[in-house]
Amino acid sequence: MTDPIADMLTRVRNANLAVHDTVHIPASRIKVEIAKVLREEGYIRNFKVLTVDNHRVLRIYLKYGAGDQRIVSGLRRVSRPGLRVYATSRRLPRVLNGLGVAVLSTSQGIMTERAAKDRGVGGEVLCYVW
């Protein structure tokens with residue numbers, strides 16, 4: 001697998017479209033940090049890191065509104081292995097005029113563009129969530 005973050009986003013997107021309660025993803029440190037950001041922003045209910053057959057698995061509990069209305073409307077991978085996308089602290093991206101969030105990998109950890117702006121740091125733009 002050349003892009004594990006894109007695989008994670010695709011699994012979450014597909015499970016969300018199929019209205020599943022949970023989705024299992026091979027775990028890594030960066031995926032856990034992205035899941036933390038998604039939980040803090042209210043896009044997922046929770047997540048757990050489990051060990052299944054000597055492999056770490058990230059279980060994400062998806063969140064829906066009344067009548068199975070989707071909370072996550074879209075996920076888009078921005079920076080990828082073939083074309084990295086970086087943003088300075090002064091030119092951070094805005095997703096749908098602030099209705100969505102951009103997830104960044106900075107020198108201070110994985111965070112949203114709002115947190116990066118507050119801290120005055122830039123970094124690699126991992127994905128957009130709205």
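Me: In this predicted model, what span would be expected for helix α2 at 1.5 Å a residue?
Reply: Helix α2 of the predicted model runs over residues 29-40 and has 12 residues. From its first C-alpha to its last the helix reaches 17 Å, and this is close to the span expected at 1.5 Å a residue, namely 16 Å.

Me: Which residues of α2 are buried, and what general feature of an α-helix bears on their spacing?
Reply: An α-helix has 3.6 residues a turn, so residues three or four places apart point the same way. With burial taken as under 20% relative accessible area, the buried residues of α2 are K31, V32, I34, A35, V37 and L38.

Me: Is R39 buried, partly exposed or exposed, and which residues beyond its sequence neighbours does R39 contact?
Reply: R39 lies in helix α2, and its relative accessible area is 34%, so R39 counts as partly exposed. The C-alpha atoms of R39 and G82, which are 43 residues apart in sequence, are 28 Å apart in space. Once neighbours within four places in sequence are set aside, the residues in contact with R39 are I44, R45, N46 and F47.

Me: Which residue with a positive phi follows α2?
Reply: The backbone angle phi is near 85° at the residue in question, and that value is positive. The residue that follows α2 with this angle is G42.

Me: Is Y43 buried or exposed, and which residues does Y43 touch?
Reply: Y43 is placed in the loop between α2 and β2, and because its relative accessibility is 9%, Y43 counts as buried. Its C-alpha is 21 Å from that of T106, a residue 63 positions away in sequence. Not counting residues up to four places away in sequence, Y43 touches L38, K63, I71, V72, L99, G100, V101, V129 and W130.

Me: Which residues have the most contacts inside the largest nonpolar core, and which elements give two or more residues to this core?
Reply: The largest nonpolar core has 28 residues, and those with the most contacts inside it are I34, L58, I60 and V129. The elements that give two or more residues to this core are α1, β1 (22-26), α2, β2 (44-52), β3 (55-62), β6 and β8 (123-129).

Me: Which residues are in contact with V129, and how many residues does the second, separate core have?
Reply: Leaving aside neighbours within four places in sequence, V129 is in contact with L38, Y43, V72, G74, L75, V95, G100 and V101. A second core, separate from the largest one, includes V78, A102, M111 and A116, and its number of residues is 11.

Me: Where is D3 found, and with which side chain does the side chain of D3 make a polar contact?
Reply: D3 is found in the segment before α1 (4-17), and its relative accessible area of 14% is why D3 counts as buried. Apart from neighbours within four places in sequence, D3 is in contact with R77, R80 and P81. The polar contact of the D3 side chain, at 3.0 Å, is with the side chain of R77.

Me: What is the phi of N97, and is N97 buried or exposed?
Reply: N97 is found in the loop between β5 and β6, and the place of L96 is also in the loop between β5 (86-87) and β6 (101-106). L96 is a residue other than glycine with a positive phi near 50°, while N97, which is not a glycine either, has a positive phi of about 55°. The relative accessible area of N97 is 68%, so N97 is exposed.

Me: What distance separates the C-alpha atoms of D118 and S89?
Reply: D118 belongs to helix α3 (residues 113-119), and because its relative accessibility is 70%, D118 counts as exposed. Although D118 and S89 are 29 residues apart along the chain, the separation of their C-alpha atoms is 9.2 Å.

Me: What radius of gyration does the chain have?
Reply: The chain has three helices and eight strands, and its C-alpha trace spans about 40 × 35 × 25 Å along the principal axes. Buried residues make up 42% of the 130 residues, and residues 24 or more positions apart account for 58% of the contacts with a separation of 6 or more. Because a compact globule with 130 residues would have a radius of gyration near 14 Å, the value for the chain agrees with that expectation, at 15 Å.

Technical notes
Residues numbered from 1 in each chain as written. Predicted model: local features only at pLDDT ≥ 70, side-chain atom pairs only at ≥ 80, totals over all residues. Heavy atoms only, no water. Helix = DSSP H or I, 4+ residues; strand = E, 2+ residues; numbered from the N terminus. Buried < 20%, exposed > 50% of the residue type's maximum accessible area, 1.4 Å probe, protein only. Polar contact = N/O pair within 3.5 Å; in protein donor to acceptor, adjacent residues only side chain to side chain. Contact = heavy atoms within 4.5 Å. Expected span 1.5 Å × (residues − 1). Rg over C-alpha atoms; globule rule 2.2 N^0.38 Å. Core = buried A, V, L, I, M, F, W, Y, C linked by side-chain atoms within 4.5 Å.
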